[in-house]
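Work through the exercises below with the sequence and the model at hand. Try each task before reading its solution.

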Amino acid sequence: MTILCVAEKPKAARQIAQVMSQGQMEVRSTRHQHIKNYEYEYTLNGRTENIVMTSALGHIMGLHFPEPYDKNWNNCDPEELFSLDVRPTVDSEKQEIAENMRQLARRATVLFIWTDCDREGEAIGGEVVSICREANARIEVWRAQFSSMQASDVHRAANHPRPLDDRMVGAVMVRQELDLRIGAAFTRFLTGKFRSRLGEGRGVISLGTCQFPCLGFIVDRYLEKERFVPEEFWKINVAYSQRPAAPGASPLTARFNWQRQHCFDRHVCYVLFDRCFNNSTATVTHVEKRRKSKWKPKPLTTIEMQKLGTRVLRLSGQSIMDAAEELYTQGYISYPRTETNQFDDKFDFHQYIRAQVTDREWGTHAQGLLDGNFQLPRNGRDNDKAHPPIHPIKSLPRDGQYNANSRERKVYDLITRWYLACCWADAVGNETTVMINIAGEEFKTTGLHVLELNYMHVYPWDRWSDKAIPEFVQGQRFEPTELMMESGKTEAPKLLTESDLITLMEKNGIGTDATIAQHINMILVRRYAYKVRNQVFEPSSLGIALIDGYARLDLDVDFGKPFLRQEMELDLKGICEGTKEVAQVLNRSIGRYRDMYVQTTIAESVLRRSLDQHLNQEDDLRREREQVQENRQLHAQQGSNGFGGSNGFGGGSNGFGGGSNGFGGGSNGFGGSDAGGGRGRGRGRGGEFGGGAPRGRGRGQNDATRGRGSSGRGGGGTRGRGRGRGGRGASNNGSHRQESTPNCNCGRPSVQRVVQRQNENFGRAFYTCATPSTDGGCGYFDWCS
């Protein structure tokens, strides 16, 4: 029989086919430039079968309203979008992919789904089934369960298929429909009422159920900092220095912390200090010496990878996920979207440690683990039952395509160092705690002597060092060498870093481990916030106005708080677990958001007053320039290759207003970001909302070599810019050469792209900076003459 295998992306299809066929396969081109069909024979459960492997490009279908309501914003009241029928259809730019599947399905007996093993991958598999059954209603469906592109994992999955999980497919369909209806209704209303107030360069004003709570965290922290009033306090400092035993040696000093910490009443603090000053002899009341361990990290999850990576690699969460996806499809790491932080009891740790012994950075440490230093990792509490924690599969050559400055190299290094650290022992030291009493006031100090760094030899992001103090004995009395009263001031809270924001979103259930980075990216794409000054988030004046305006509406639940989306995520989880029905979740959520929409339209003047109060376009432009300058400096520090980041003004594969379907990034811009092309940057789907003011543009990357998304044209704005990763290959139709392009504002040759959106500019070529603005690009744009 003939088995049709369908992977999620072209690189995955090629990698899996390479493993299954052991390199003995025929490669056939299709009408789509990125899609290949691989034909080979494979022994399946003792029988030799004919296999055809092909691929999708992420989601190939999206939900849409019927025409003319889908694209024409003026044909209905936005409130009607809560009740209009929606239907799944193949995206216009992916018709050739769907037709290829239909042709292959006609002569196949079995459809074998090889999409990523998570909720979105299951839904993409559902789309593939729907398309193939149009051509062959009787085709049998199998589902592959795998966590890496390693040969053993692929062969195991091929011989042990499972059914497609219809519950997970249903959960994604619910999320798509809610995102479509809620996002379209609120966005069309807000854009129609207020876009004229935003001035040149602004596009749509979108509202998404993940996007707004994410923005709310940023605005809340910013306003908390702006409104902070420092308060003076006073404290008592005590120090004791012991003369060195050896001539020329430095004295040992212990600095004691007041157990009251500080006092906001200067007079009270002075009274306590005066008592200590007049009775200054210190008595040692407690000395404790104990073995101290600094725990190694737990096994790596998607969230922890993003949190550490954004902090130490200075990459965006979206850029980290893109790099991890690339490493996964090339077979270098396990599946990078997982909530699991515990390894299975039968996991073969040594297999993956052995793969690292030749690496010049950590090879000796890996060999040390094999020679007896290995210890089982600490287990966390989370297990998604789908994938193991993220870990390296094979060694990544240092002289290959991923050099030291590439984001893939940096992300791989982080993953591998984390894995090796998990397999080592905790760091160990001796800690001494000393308590003293002066005139009834308690003070404390600690000293540390590190005995074994262990995991920290390979894990440079934890710090632990010796802190020598004099030797103390309980009951000992001494005169402090320093006793003084000092003043200080309370400090304002710091603005959120991306690591902070990821932590807040995870804690409050906003998005999933695989989508959080996309939601953060959309905030920047929409210019509701900027990443400036040491990569912290500041809201734009528009972002503040929207969050403040909705807070004043006195809705049942504030849009800018996490509770609504948190509830939706729990509902989707319930559908996956079989405890909730699709219709139940849809009807309740649609009814609730429709009521909130009606309240919004009634209280429109409240939003208008908030815009009047907060909107400051000059300040927004200043921060946009500051963000671009910050990213240029960061790009220069990280090397000329950059990291192909996806955040920032207009950035990422989606761009401002862009993605495969136009407005909003991704297919709907309300939490999804599936730009088409060889490798879409996310897979959330919804409707197509192109439209709005003329010449608003979203451009993705049409790179035949890297395959990073397709172009789109979104609603609103004049010459809004959005760029995917700088290209090395041809544009989407292969007809534009890049050798003679004009220099951009960076002084380097620009690259040429082509508008792919079906509109008046379809097929028109333009020049843009090869480097995304998020990675220091200059934002250059010009039409080709």
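The exercises concern a predicted model and take up a pocket, a serine and the cysteines in turn.

**Exercise 1.** Describe the second largest pocket by its volume and its lining.

*Solution.* The volume of the second largest pocket is about 710 Å³. Its lining is made up of 29 residues, and Ser147, Asp153, Arg156, Phe347 and Pro388 are the closest to the centre. Sorted by type, the lining has nine nonpolar, 13 polar and seven charged residues. Next, look at the helices: α4 (151-159) and α10 (349-354) each supply at least two lining residues. The largest share, four residues, comes from α4.

**Exercise 2.** Place serine 406 in the chain and decide whether serine 406 is buried or exposed.

*Solution.* Serine 406 is in the loop between α11 (363-373) and α12 (407-422). The cut-off for buried is under 20% relative accessible area. Serine 406 has 8% relative accessibility, so it counts as buried. A polar atom of its side chain lies 2.9 Å from the backbone oxygen of asparagine 403. Alanine 323 is 83 residues away along the chain, yet the two C-alpha atoms, of alanine 323 and serine 406, are 9.1 Å apart.

**Exercise 3.** Determine how many disulfides the model contains, and examine cysteine 263 and cysteine 276.

*Solution.* A disulfide requires two cysteine sulfur atoms within 2.5 Å. Under this rule the count is zero. For cysteine 263, the nearest cysteine sulfur belongs to cysteine 269 and is 5.3 Å away, and cysteine 263 is in no disulfide. The sulfur of cysteine 276 also has cysteine 269 as its closest partner, at 9.2 Å, which is too far for a bond. Cysteine 263 is buried at 14% relative accessible area, and cysteine 276 is buried at 0% relative accessibility.

Technical notes
Residues numbered from 1 in each chain as written. Predicted model: local features only at pLDDT ≥ 70, side-chain atom pairs only at ≥ 80, totals over all residues. Heavy atoms only, no water. 1 Å grid on protein atoms, 1.4 Å probe; cavity = no way out; pocket = protein on both sides within 12 Å on 5 of 7 lines; lining within 4 Å. Points joined across faces, edges and corners; volume = space filled by probe spheres on them. Nonpolar A, V, L, I, M, F, W, Y, C, P; charged D, E, K, R; others polar. Buried < 20%, exposed > 50% of the residue type's maximum accessible area, 1.4 Å probe, protein only. Polar contact = N/O pair within 3.5 Å; in protein donor to acceptor, adjacent residues only side chain to side chain.
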